[in-house]
Structures are given as C-alpha cells and as structure tokens.
Amino acid sequence: MGGRLEDRTAIVVGAGSVGPGWGNGKATAVTFAREGARVLCVDINQAAAEETATIIAGEGGTAEAHRADATDPAQVEALVARAVDLWGGVDVLHNNVGIVETGGPVETEEAGWDRVMAVNLKSMYLTCKAALPVMEAAGRGAIVNISSISAIRWLGVPYISYAASKAAILGFTRAIALQYAAKGIRANVILPGLMDTPMIVEPLKQAYAGGDIEEMRALRHAQCPMGHMGDAWDVAKAALFLASDEARYITAAELVVDGGLTAKVS
Ligand SMILES: NC(=O)c1ccc[n+]([C@@H]2O[C@H](COP(=O)([O-])OP(=O)(O)OC[C@H]3O[C@@H](n4cnc5c(N)ncnc54)[C@H](O)[C@@H]3O)[C@@H](O)[C@H]2O)c1
C-alpha cells in the first residue's frame, strides 16, 4: 500500500465492471484504495459494486459498495450524502460511467441517443452538482472525468452518440475547472484510447457483426503504435496521478492515455 491518497475519501462512479476481469472503474477504485483512500464503490449493478469493495477489503483497504443509477438525481444526491455520512466529505470524485451504442445519426434511435447522453454526460453533471458544494465547503477536491479519444478522433466505427457525449465531457470539465480554480478544486479529464477491458466486447460484436471476438481484439491491438491495447490499470494510474496532490497545479487538463494512437497518421 502507498499513501498518495492517504486520509482521502473517493467516490468512484461506475466502480464495477460490465464483464469478468478489470474494467477502468474497478481498477481505479482498487488503485485509489491501495494508495490509502476510503472508496465508495458506486455502480448500478450491486453485485459488481460489491465485488470491487470486497477486493479492496480483502487487501486491507476501506470501501463500501453502494448501488445507484448515476442518471437519477435523487440517487446521486444520496450517494454523495452517504460518503459524507460515512467519512465526512468527498475529496475525489471519479466519473467512470459510460456506455457505447453503435450507429450514425440515421441508424441511431432517439431513445438510444438520449440514453447515451444521460449515462455518459448527464451523470457527470448530476454527480458534480451534488459533490461540488461539499468540496467547496472543505476548500479542496479533485474531479476526474473519463472521456475517450472518440471525443477528438474518428475511430473507424460510427458511434455518433458516444463521440458527441465524450466530446461534451471536455467542455464540461474545462468549465468546472475554471469556475472552481480559485476554490481549491481541480477538474481534469482522461481520454483513454483502445483499452482491453470487458466493455469492448459488446461494441466489437455490434461493429463487426459475425466476426470472431479474438480476431477483432487482434485488429484493435494492431491499430495501436505500441502493438497492443492499453488496459484498465493504465487508466487507473493516470486517474491516481490526477486525483493526488502530485497534480496540485494541474487543472483543466486533457490527458490522453492511448499509447500514441491519436498522434499517429495512418
Ligand atoms: N474500454 C475502452 O476501450 C475505453 C476506451 C475509451 C473510454 N472508455 C471509457 O471508460 C469508461 C469505463 O470503461 P470500463 O471499461 O471501466 O467499463 P465498464 O463498463 O466495465 O465499467 C463501467 C461500470 O459502470 C456501470 N454503470 C453503467 N451505467 C451506470 C449507471 N447509470 N449508473 C451507475 N453505474 C453505471 C456498469 O455497471 C459498469 O460496472 C467509460 O466511460 C468508457 O466510455 C473505455
């Protein structure tokens, strides 16, 4: 265990994983706890939240699983209140929740567009709305929002609602960072590239209908300049840095974690 988040309270929203293995939120919750944070592991899937909290407790860390739908204002207020009740405040808010639905503007149904915007973007507005007053009262706080390189690049597959929601997160985070810069609160965004997490399986199936999943995964590895995708720990370690005091003079930053993919012209 390290101490980079010693005595800090962190809320990780989307702390479970959609499938077996390590999603970004699960790895981030565990990484924060390994560095001393008390972690509220929030997920719409109770079992997934509990799995992460159990891993943390098994390693000697402090965590509580908390079921909430991050698109529901009352549930979001309650989750922030729970962290305050348990541990007296919120030092770190990590917004990891995100879903992908494939399709361009013609193929995307209005309901799907609204769903992706609600889960990927409105959830962050709600968690920030609830947590910022707590952080402001304490005079400190760090917000880390998860976007995607889809916000700034075309990745070869149409997913218009995902790209639009992830691009909006950049402006959203910048606006918070600047409004709260003089109040001790930092807000930064991470843009993961192609990461090998459980989340990619369903979108891969949708995008390359009928293809073999391992073949599709190999295609994604080959697209990356380093010859392989990143993984959930790469995102978690970037989040740890941004959440910690080591990043005390870093706010409104957009940290690309993609092994050079967005810099590559091909
Ligand atoms: N995996 C990649 O290649 C990649 C690339 C770029 C960006 N990202 C982003 O990383 C983030 C997470 O990826 P991951 O691999 O950890 O995914 P993940 O799906 O494994 O984890 C996300 C968790 O969020 C939970 N969740 C979904 N909707 C929720 C809601 N309304 N309320 C509360 N919890 C909810 C899910 O149950 C799941 O446990 C997403 O924002 C995604 O867009 C992933």
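I began by fixing what a contact is: two residues are in contact if their C-beta atoms, placed from the backbone, lie within 7 Å. With that settled, I noted that this is a predicted model, and that among the contacts in the chain with a separation of 6 or more, 75% are between residues 24 or more positions apart.

**Overall form.** I looked up the dimensions next, and found that the C-alpha atoms fill a box of roughly 50 × 40 × 35 Å along the principal axes. The radius of gyration is 18 Å, which agrees with the value near 18 Å for a compact globule of 266 residues. I also recorded that 46% of the 266 residues are buried.

**The sheet.** I listed 8 helices and 7 strands in the chain, and then asked myself in which order the strands lie in the sheet. The 7 strands form an open sheet with parallel pairing, in the order β3-β2-β1-β4-β5-β6-β7. Its edge strands, each pairing on one side only, are β3 (62-67) and β7 (254-257). Neighbouring strands of this sheet are turned by 15° against each other on average, direction ignored.

I then followed one pair in detail: strand β1 (residues 9-13) runs parallel to strand β4 (residues 92-95), and 4 bridges join them. In this pair, Val 13 stands opposite Asn 95 in β4.

**Helices on the sheet.** I traced helix α4 (residues 110-138), which packs on the sheet and touches β1, β4, β5 (141-146) and β6 (185-192), with its direction at about 170° to that of β4. Helix α2 (residues 46-58) lies across β2 (38-43) and β3, and runs at about 175° to β3.

**The nonpolar core.** I looked up which residues of the largest nonpolar core touch the most other members. Of its 74 residues, these are Ile 11, Val 12, Phe 32, Val 39, Cys 41, Val 42 and Ala 243. The largest share of this core comes from α4, with 10 residues.

I picked out Val 12 for a closer look, and, leaving aside its neighbours within four places in sequence, I found contacts that include Gly 25, Thr 28, Ala 29 and Phe 32, as well as His 94 and Asn 96.

**Helix α1.** I asked why helix α1 (residues 24-34) can be called largely enclosed by the rest of the structure. The reason is that 10 of its 11 residues are buried, and among them are Asn 24, Lys 26 and Thr 31 as well as Val 30 and Phe 32. Finally, I noted that α1 is followed by Gly 36, whose phi is positive, near 105°.

Technical notes
Residues numbered from 1 in each chain as written. Predicted model: local features only at pLDDT ≥ 70, side-chain atom pairs only at ≥ 80, totals over all residues. Helix = DSSP H or I, 4+ residues; strand = E, 2+ residues; numbered from the N terminus. Rg over C-alpha atoms; globule rule 2.2 N^0.38 Å. Buried ≥ 20, exposed ≤ 12 C-beta atoms within 10 Å, placed from the backbone. Pairing = 2+ DSSP bridges. Axes fitted to C-alpha atoms, helices over the stretch in contact; angles between N-to-C directions. Core = buried A, V, L, I, M, F, W, Y, C linked by C-beta atoms within 7 Å.
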